[in-house]
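Student: I am new to this structure and would be grateful for a close look at a single part of it. Could the account begin with the whole chain and then turn to the helices at its start?

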Amino acid sequence: MNWTDERVEKLKRLWAEGLSASQIAAQLGGVSRNAVIGKVHRLNLPGRAKSGGGTAPARTPKRPAPAPRPSNFAARVPARANARPVGGAMLKEEGQIDALEEIRAVPASNVVIPISRRLGLTELTERTCKWPIGDPMSDEFHFCGCESLDSSPYCKYHAKLAYQPVSERRKADR
């Protein structure tokens with residue numbers, strides 16, 4: 001389908017009358033809505049305000065926020081009322097500090113830490129532990145290399161570290 005001068009004039013007239021691109025396409029016949037929109041843009045015809053299916057009803061005003069409910073608990077009282085300096089680095093803060101109970105981690109006596117075989121990446125096999133040891137950016141970086149379990153990439157020791165039961169992880173987080 002070619003845009004003849006006659007069809008272009010009809011497009012301009014219908015566009016000025018306010019018909020939609022779909023309605024113009026139906027009246028012209030043989031063109032799609034998108035073809036009409038493209039031709040309108042190429043002709044630089046003035047745009048129109050988007051019609052939302054007629055006049056839009058006035059929006060209903062938002063409901064006012066509900067009144068705050070009375071609280072059934074006492075308000076928090078700040079633990080200390082020290083004023084902090086604004087914008088400056090605080091070197092010393094005065095106030096009462098409660099001592100915390102020191103918790104010491106006691107290693108389990110039945111755990112044997114394996115001696116690493118210190119394998120490089122290219123030396124690993126399906127049967128070696130792939131637990132990374134050290135900083136990957138340093139020359140001292142290596143993998144454990146001990147014999148791994150059948151269904152794990154890690155040796156028995158590192159598998160216990162990697163796959164902790166949920167209950168033990170919750171205890172560690174406390």
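Tutor: In the protein chain, which has 174 residues, buried residues make up 18%. The model is a predicted one. Its secondary structure comes to five helices and two strands, and along the sequence these follow the pattern α-α-α-β-β-α-α. Among contacts between residues at least 6 apart in sequence, 39% join residues at least 24 apart.

The part chosen here is helix H2, together with the helices that cover it. H2 spans residues 21-28, and helix H1 spans residues 5-17. The two pack at an angle of about 145°, and their axes lie 10 Å apart. The crossing in which H1 passes H2 is right-handed. On the H1 side, Arg7, Lys10, Leu11, Leu14 and Trp15 take part in the contact, and they meet Ile24, Gln27 and Leu28 of H2. By class, the residues of this contact divide into five nonpolar, one polar and two charged.

Which residues of H2 are buried? They are Ala21, Ile24, Ala25 and Leu28. Viewed down the axis of H2, these buried residues fall within an arc of 100°, so they line one face of the helix. A general property of helices is relevant to such a pattern: an α-helix has 3.6 residues a turn, so residues three or four places apart point the same way. Two of the buried residues, Ile24 and Leu28, also belong to the contact with H1. The cover over the buried residues of H2 includes both H1 and helix H3, which runs over residues 33-42. After H2 comes glycine 29, with a positive phi near 75°.

H3 must therefore be considered in turn, because the cover of the buried residues of H2 includes H3, and those buried residues line one face of the helix. In H3 itself, the buried residues are Val36, Gly38, Lys39 and Val40, and they pack against H1 and H2. H1 and H3 pack at an angle of about 90°, with 11 Å between their axes. That angle makes H1 roughly perpendicular to H3. In this contact, Val8, Leu11 and Trp15 of H1 meet Val36, Lys39 and Val40 of H3. The contact has five nonpolar residues, no polar residues and one charged residue. Leu11 and Trp15 of H1 thus appear in the contact with H3, and they appear in the contact with H2 as well.

What follows H3? The residue is asparagine 44, and its phi is positive, near 55°. Asparagine 44 has this positive phi although it is not a glycine. Its place is in the loop between H3 and strand S1, which covers residues 132-133. Asparagine 44 is exposed, and its relative accessible area is 65%.

In summary, H2 has a face lined by its buried residues, and H1 and H3 are included in what covers those residues. The buried residues of H3, in turn, pack against H1 and H2.

Technical notes. Residues are numbered from 1 along each chain as its sequence is written. This is a predicted model: local features need pLDDT of at least 70, side-chain atom pairs count only at pLDDT 80 or more; totals for chains, interfaces and linings use all residues. Side-chain values use heavy atoms; hydrogens and water are left out. Axes are lines fitted to C-alpha atoms, for helices over the stretch in contact, and angles run from 0 to 180 degrees between N-to-C directions. Helices (H or I, at least four residues) and strands (E, at least two) are DSSP runs, numbered from the N terminus. A crossing is left-handed if the near helix is turned anticlockwise from the far one by less than a right angle, and right-handed if clockwise. Contact means heavy atoms within 4.5 Å. Ala, Val, Leu, Ile, Met, Phe, Trp, Tyr, Cys and Pro count as nonpolar, Asp, Glu, Lys and Arg as charged, and the others, Gly among them, as polar. Buried means under 20% relative accessible area, exposed over 50%, partly exposed in between (1.4 Å probe, protein chains only). The arc is that of the directions from the helix axis to the C-beta atoms. Angles under 35 degrees count as roughly parallel, over 145 as roughly antiparallel, 65 to 115 as roughly perpendicular and the rest as oblique.
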